[in-house]
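Student: Could you take one part of this structure and walk me through it slowly? I'd like to know what sits around it and how the pieces are arranged.

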Amino acid sequence: MIYKNYWQSSFANNIHIHYFCTEMIKVRHISRTFGTLQVLDSISLDINDGEVIAITGPSGAGKTTLLQIVGSLDRPDNGSVIYGDTDIFKLSDNKLSNFRNRNIGFVFQASQLLPEFSTIENVAMPALIGGRSRSEAFGAARQLLDYLGLGHRLDHRPAELSGGERQRAAVARALVNKPAVVLADEPSGSLDSQGRADMHRLFFDLRRDFGHTFVIVTHDETLAADTDRMVCMADGRITRIIDRTTNS
Ligand SMILES: Nc1ncnc2c1ncn2[C@@H]1O[C@H](COP(=O)(O)OP(=O)(O)OP(=O)(O)O)[C@@H](O)[C@H]1O
Ligand SMILES: [Mg+2]
């Protein structure tokens, strides 16, 4: 596959971007309160390179809040998140934005594509923001969209795509800068059962073909059951971790 070749050759040049170490992300004693409401209570978790992790739990458990903090979109009251050797909340706001752009991809429940831009422009945008040339950014976006079966929809606006196509475009946008980790918050929550199955297969295909690390918040038990580890949350704490790689 063309994209795979592109990807692998890019990896050869940028290997330091993708691989931090085996325990790629260390989440340590994260707490977050909103007013008097304690939403996260001393959460610690290691996320390993190449893992697909599901975060599950009832509504209000704190899953989105945790994902936003791991993704540096929100700051904790206490605790740290360490990518490789980088303690991300010790970075200045500017450096943190750059770090996020280069190393973290996001997929949300609603694709959050910009409506006035075409599919390929939406996907290329993080690469342009990251300082890559137009031809590089659009080349990478095109190859990714080809890989994801959207090569024939490059010039469509988000409103002209199906729900599943929009989510695949959102995945392409998350991947365009070859991030170390992709954080997904109910990425298939708005899709029908076929769309959900396709999206789940896509995550595992991407991990198999390119070694991506995924942290996926999901209410979908079928997806959660396929992941390497399932992290169960309730009331701002991790209540259980089911590790299928060691059967523990
Ligand atoms: N900005 C905020 N201000 C005040 N409270 C908040 C804020 N963000 C989240 N909360 C509260 O924190 C709790 C956890 O929210 P969070 O969005 O993390 O839950 P969740 O596990 O993702 O739930 P869901 O499955 O419904 O998406 C909720 O009770 C929510 O009302
Ligand atoms: Mg949520």
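Tutor: Let's take helix 6 and what it packs against, then look at the sheet and the ligand. Keep in mind that this is a predicted model.

Helix 6 covers residues 163-175 and lies across strand 6 and strand 7 (181-185). Against strand 6 it runs at about 170°.

Now for the helices. Helix 4 (residues 119-129) and helix 6 have axes that come within 7 Å and cross at roughly 25°. The two helices are therefore roughly parallel to each other, since angles under 35 degrees count that way. Their crossing is right-handed. On the helix 4 side, the contact uses T119, N122, V123, M125 and P126, and these meet A169, A172 and R173 of helix 6. Sorted by class, that contact comes to 5 nonpolar, 2 polar and 1 charged residues.

Helix 6 also packs with helix 7 (residues 193-210), here at an angle of about 20° and with the axes 10 Å apart. That angle makes helix 6 roughly parallel to helix 7. This crossing is right-handed, too. The residues that helix 6 brings are G163, G164, Q167 and V171, and they meet G195, D198, M199 and L202 in helix 7. By class you get 3 nonpolar, 4 polar and 1 charged residues in the contact of helix 6 with helix 7.

What about the sheet under discussion? Strand 6 and strand 7 belong to an open sheet of 6 strands, ordered 6-7-8-3-9-10 with mixed pairing. Strand 6 (104-107) and strand 10 (237-243) are the edges, and each has a single partner strand, so one side of each has no neighbour in the sheet. On average, neighbouring strands of the sheet are turned by 20° against each other, direction ignored. Further along the order, strand 3 (residues 52-56) and strand 9 (residues 229-234) run parallel and are joined by 4 bridges. There, A54 stands opposite M230 of strand 9.

Last, the ligand. Around ligand 1 you'll find F34, L37, V39, G57, S59, G60, A61, G62, K63, T64 and T65. Strand 2 (37-48) and helix 2 (63-70) each supply at least two residues of that shell, and helix 2 gives the most, with 3 residues. By class, the shell around ligand 1 splits into 4 nonpolar, 6 polar and 1 charged.

Key
Residues are numbered from 1 along each chain as its sequence is written. Chains are lettered from A and ligands numbered from 1 in the order in which they are written. This is a predicted model: local features need pLDDT of at least 70, side-chain atom pairs count only at pLDDT 80 or more; totals for chains, interfaces and linings use all residues. Two strands pair if DSSP finds at least two bridges between them. Axes are lines fitted to C-alpha atoms, for helices over the stretch in contact, and angles run from 0 to 180 degrees between N-to-C directions. Two residues are in contact if their C-beta atoms, placed from the backbone, lie within 7 Å. A residue is near a molecule or strand if its C-beta atom, placed from the backbone, lies within 6 Å of it. Ala, Val, Leu, Ile, Met, Phe, Trp, Tyr, Cys and Pro count as nonpolar, Asp, Glu, Lys and Arg as charged, and the others, Gly among them, as polar. Angles under 35 degrees count as roughly parallel, over 145 as roughly antiparallel, 65 to 115 as roughly perpendicular and the rest as oblique. A crossing is left-handed if the near helix is turned anticlockwise from the far one by less than a right angle, and right-handed if clockwise.
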